[in-house]
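User: Could you take a close look at one part of this predicted model for me, the place where the two chains meet? Once that is clear, walk me through the sheet in the first of them as well.

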Amino acid sequence: MRICVPKEVATNENRVAATPNSALSLQQLGFEVWIESDAGRAAGFLDEAYAQAGVTVMGDPRKIWDEADIVLKVRAPDRHPSAGFHEAELIRSGQTLVGFLWPAQNPDLLEQLARRGANALAIDAVPRISRAQKLDALSSMANIAGYRAVIEAAHHFGRLFTGQVTAAGKVAPAKVLVIGAGVAGLAAIGTAGSMGAIVRAFDTRPDVKEQVKSMGAEFLLLDFDEEGSGTGGYAKVMSDEFVQAEMELFRAQAREVDIIITTALIPGKPAPELITSDMVRSMRPGSVIVDLAAEQGGNCSLTQPDKVVTDGAVHIIGYTDLPSRMAAQSSEMYANNLRHLLAELCPEGNGQISLNMENEVIRAMTIVREGEITWPPPIKTELSTTDSGDALDTTIPKSIVTEQKPNTRQRAVTTLIGMSIGILAILGLGAVAPASFMAHFIVFVLAIFVGWQVVWNVTPALHTPLMSVTNAISGIIVIGALLQTTSPSFLVLGLAAVSVFIASINVSGGFLVTQRMLRMFSKE
Amino acid sequence: MPDGIILSVYIIASVLFILSLGGLSHPESARRGNVFGMAGMAIAIVATIFGRQAGHYPIIISMMAVGGAIGAAVAQRVQMTAMPQLVALLHSLVGLAAVLIGVANYLDPAVDHQGVDQTIHEVEIFLGVLIGAVTFTGSVAAFGKLQGLISSTPMLIPGRHLINIVIGVVCIVLGYQFISAGHAPDQLIPLLVMAALAMIFGLHMVFAIGGADMPVVISMLNSYSGWAAAATGFMLSNDLLIVTGALVGSSGAILSYIMCRAMNRRFVAVILGGFGTAGGKTAATHQGEVNVLTESETASLLQSSKSVVVVPGYGMAVAHAQHSVSDMMKTLRANGVTARFAIHPVAGRMPGHMNVLLAEAKVPYDIVLEMDEINKDLPSTDVVLVIGANDIVNPSAQEEPESPIAGMPVLEVWKASTVVVLKRSMATGYAGVDNPLFYRDNTCMLFGDAKNSIDEVLKSL
C-alpha cells in the first residue's frame, strides 16, 4: 500500500507526519512512502533528506491525495490556502486517513468521511493503556508542550529561574505553580525544576502525588474529601464545593508564585476556569501565566488563544501551538507514534493494513470504517488504571513479613535445644574416651571457635580468595602423608607418596592462585 | 630435632594460619595474610622432614617438586571465570588424600593401639575415610557441573531419598562391623566398601543439586574437606592437622550459611543433599510487553545520567564481558558520572566470584559494593544496568509469597529511575521463575551477547 504525507495546510502548523527516519521504518513494514514537496521544511526536514530515505517527493498536493491508500496527517483536513480546495473533498473511497481528528468536536467531518466511504483513525482517541503508550501522540505532544511552556514562561519572565548568590546580590529562585500533573504538567515540573526553580504542583487526582514528588516538586494537598480520578486516568468534573476550595488555594498561591502553568483539561468538556481576573491582579508585577488549555477555552479567564495578553504587569500566554513551535522534535515523536500505529495495523509487515476490530487499540482509534461512523467505541468495564500505567505496590505482602516473627522465637528454642544436646554429647564423650583423646578434642573445639570468629570478619569481596587459601592450608594434610613415609610397609609408602604428590598440588596451587587473585584487588 | 621443637613449630604454624585468614578482612592486609599462610606451611613441612619424622627423602622430595610444579602451572594459567571449577578440583584432591592416608594408616604395621585407644583410632580412620570419600567424589561432581561436563539441572532419581538413607544405614552397619572386629587385615574390606559407598553418595548428592545452588555446594565441600583433614589429624594424633582442619571446616560452614541466607534456603535442607528443595512451586507467569533499547540509546541514557549502578551476574562471566564493562565504567567515571557495582551474595557460581572477576578487569574495589550497602542508594540512582543477572533482581521475591524465590534478599533495582537489562533472550534464570522486572514501565531490555552489547555501547559513549 502507499502512504502519502501531505504538507500541513493549517496556518502556523509546522509539523509533518513523517520524517526521513520514520519513512525508512515504514518502508521496512512494506509500505511505499510519498511526501509532498517541502512538507517537512518548516520542521527542518528537507526534500533531499526524504529522497535519500527512499521517499518519492511530489510537487502536486492533489496527486498526493489521489494516489494514496493511506494518508498521514497532523491536523484534520482543512482548506488549502492557495490551491483552492478543501482537503476533505479529495478523500476517496477506501482510503484511510490518520491524524488528530478530534471526533467529539468534529461530527461534520465524521459525516463527510463516512459519506465518502473512507476509513479514519483518530490518533487522539488512543486508549490510555500501557501497551498503547508508544502510539500515544497526545502524551508525546503534551510532553513537548509542557517543556516549551516553561521556556516561553522563562522568555517572558524578567528574572532568573535559579537562585544564586552573586557579588551583585542574592537572587531568589523563581516559584512556579503547575496546575494539573498529567503528561504536560509533569514535563513542565521537570523542566522548571532542572532550571532551578522551586516548583509546586496541584492535581485533583491523589495518585499523582508520588509522581510529582519524585520529580522534586511539592504536592499541594487540598483538605477535601472528594477524589478527582475519573475513568481512563483523566480527571473528572468536580463538585462546586470542591472547586470553591480549589480556587481559594489558587488565590493564596497566586499572591506568592511568580509563574503559573495550567494544564487542567476534562475530556470532551470545556476547560475549567481556575484563575480568575482578581487572582491575576493579585499576582506580583512581572509574573507570567502559561495557559495550556487555551484551545479548550482556557483555565484563566483572561486568556486569549494564540496571543500573549498583558494585564497590568502580568503576561498571560495563550499559545495553542506549542508543539508546532518545536516542530523538529514533535514531528519526530509524532512520526514515531504513527510508525508504531502502522506496525500495529500491519502485523505481518507486508505493506497491507487491516483494521482489526478485535484489537482494543485499533477499535478505539477507528472513528470511521468503510463508510460507517464507529465512534464512540463500546465502553469496556474499566479496571482501575492510572495515567502512567500500573501503580506499583511497593509494600511487602503481609504473608512474607509475618513469617519472621514466629521464626525468631523458633530459633531461640532451636538454639537452646542444640546447645543442650551439644553439652550432653561432650559429657558423654568425656565419660568413655581416654584423656589423650580429650586433649586433642579440646584443641579441636577451640580451633572451631577461633575459626568461627576469624572467618566472620572476612569481607565478602574476598570470599573467593578465602576459599582458595583454606584449600591451600588444608593441604597441610601433606604432613600426615609425610609422617607415614617412615613406615616399613611398601604399600603404605606407596599410598603415602601419592598423597604427598596430591597434597603438594593443593598447597602450591592454592597459595599461588590466592596470591594471583589478591594482586588484582586494587583501590583507585 | 627434639619433639618439643617440632611441636612448637606446629604451634607457630597454627598461629600463622589463623593470621592468614584474619588478613582477609580487608584487601590491603590480605596479601600479607597469604604470605603468612605460605610461611606457616613451609615451616611445618620443613620441621616434619628435618625432624626425621619422614623418610625416603628422594621420593618425597620428588613428589613434592612435581606436585608443586603442577599446582603452580595451574594457578598461573587458570582463567578467573573458571575459579569455581579449580576450587572444586582442589577440594577433591584433599578428599582423596584423606582417603589414601586413612587406608594407609590402617594398613601401617607401625601403628599400634590397644583397647579403647584402638577403638577410637578406628572410629577416626572410619570417619576420615568416609568424609574424605564424600568430599572427593562430591567435588569431582561439582567440578563437572561447573565446567559444563554434566548438566546443571538437578538429576533427581525417583526414590533418591531412600537410596541416600539406605547408603547411610549400610555405612553405619559397616562401621560397626569394622570397629568391633578388632584390627584384623580382612577388616580392610568393610572399610573399602564403605569408601566406595561414600563415593557413590558424594556423586549422588551433588548430582541432585541444581546449578544455582552451586555456591552453597562448593562452600559445603570446602567445609567437608576441613573436617576430613581434622579427622586425619585425630587419626595421626597431630594437633596441627586438627587445628587447620577445624579452621577450614568452620570457614566453609560459615560461607555455606551466608550463601543459604542469601538464597533464603534452609542450611539443613541443602546439606542433606537436596532433601528439602522446593519441589517446583508454580510462580505466577507474567505477560506483557517489554520496552526494547538499542545500544546507542543505552549510551545516550548513560551519558545523561548522574548516577549509574551495574549489577553483574553469572551471564557476564559466561560472556567474558568483565573487561568491556570495566572500560565502560572508566569512561563513565571520567565523564563525572557516579558509577558503582552492586554485588549480590550469590551472584556467580561461588561466593565472591564477581568480585574476583571485576578485580581481574582492574575495577577498583572501593566502587564494588555489597547488596546491603547499596540497596538503600538504588531509589536515588538514575540508571541501573543489569548484566547477565536474573533471579537476584527479581521483585517476585518480595511481592509474591507463592514464588519459589519468595523471601530471598534481592537487589531492589526497580526503585531506580531506569533499569536496562542486558540479556540474550527472554529465557528464565536458574530458578525457572519469570521475572516481572522485565515488564515494568521503567525497565528496558537490551538483547544480545553481553560483551558485544557493552562494546557497542562503549563505542557510542
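Analyst: On the chain A side, 93 residues are in contact with chain B, and chain B answers with 113 residues of its own. Together the two chains bury about 9000 Å², and 75% of that sits on carbon and sulfur atoms. Bear in mind that this is a predicted model, so the pair counts here come with a confidence filter: side-chain atom pairs count only at pLDDT 80 or more. What about charge pairing? The rule finds zero salt bridges across the interface of chain A and chain B. Polar contacts do turn up: 18 residue pairs between chain A and chain B, with both residues at pLDDT 80 or more.

As for who supplies the chain A side, helix 13 (398-402), helix 15 (435-456), helix 16 (463-473), helix 17 (477-484) and helix 18 (490-520) of chain A each put in at least two residues. Helix 18 of chain A gives the largest share, with 27 residues. Sorted by type, the chain A residues that touch chain B come out as 54 nonpolar, 31 polar and eight charged.

Now for the sheet. Chain A has an open one of seven strands, in the order 11-10-9-12-13-15-14, with mixed pairing. Strand 11 (218-219) and strand 14 (308-311) of chain A are its edges, each pairing on one side only.

Start with strand 9 (residues 175-179) and strand 10 (residues 198-202) of chain A: they run parallel and are joined by five bridges. If you want a spot to click on, Val176(A) stands opposite Val199(A) in strand 10 of chain A. Helix 8 (residues 240-256) of chain A lies across both strand 9 and strand 10, and runs at about 170° to strand 10.

Then move along to strand 13 (residues 288-291) of chain A, which pairs with strand 15 (residues 314-317) of chain A in the parallel sense over three bridges. There, Val288(A) has His315(A) of strand 15 as its bridge partner. Strand 15 of chain A is also joined to strand 14 of chain A, this time antiparallel, by four bridges. In that pairing, Val308(A) is matched with Ile317(A) of strand 15. Strands 14 and 15 of chain A form a hairpin with two residues between the strands, and Gly312(A) in this hairpin takes a positive phi near 70°.

Definitions and conventions. Residues numbered from 1 in each chain as written. Chains lettered and ligands numbered in written order. Heavy atoms only, no water. Contact = heavy atoms within 4.5 Å. Buried area = accessible area lost by both parts, 1.4 Å probe. Salt bridge = Lys/Arg side-chain N within 4 Å of Asp/Glu carboxyl O. Polar contact = N/O pair within 3.5 Å; in protein donor to acceptor, adjacent residues only side chain to side chain. Nonpolar A, V, L, I, M, F, W, Y, C, P; charged D, E, K, R; others polar. Pairing = 2+ DSSP bridges. Axes fitted to C-alpha atoms, helices over the stretch in contact; angles between N-to-C directions.
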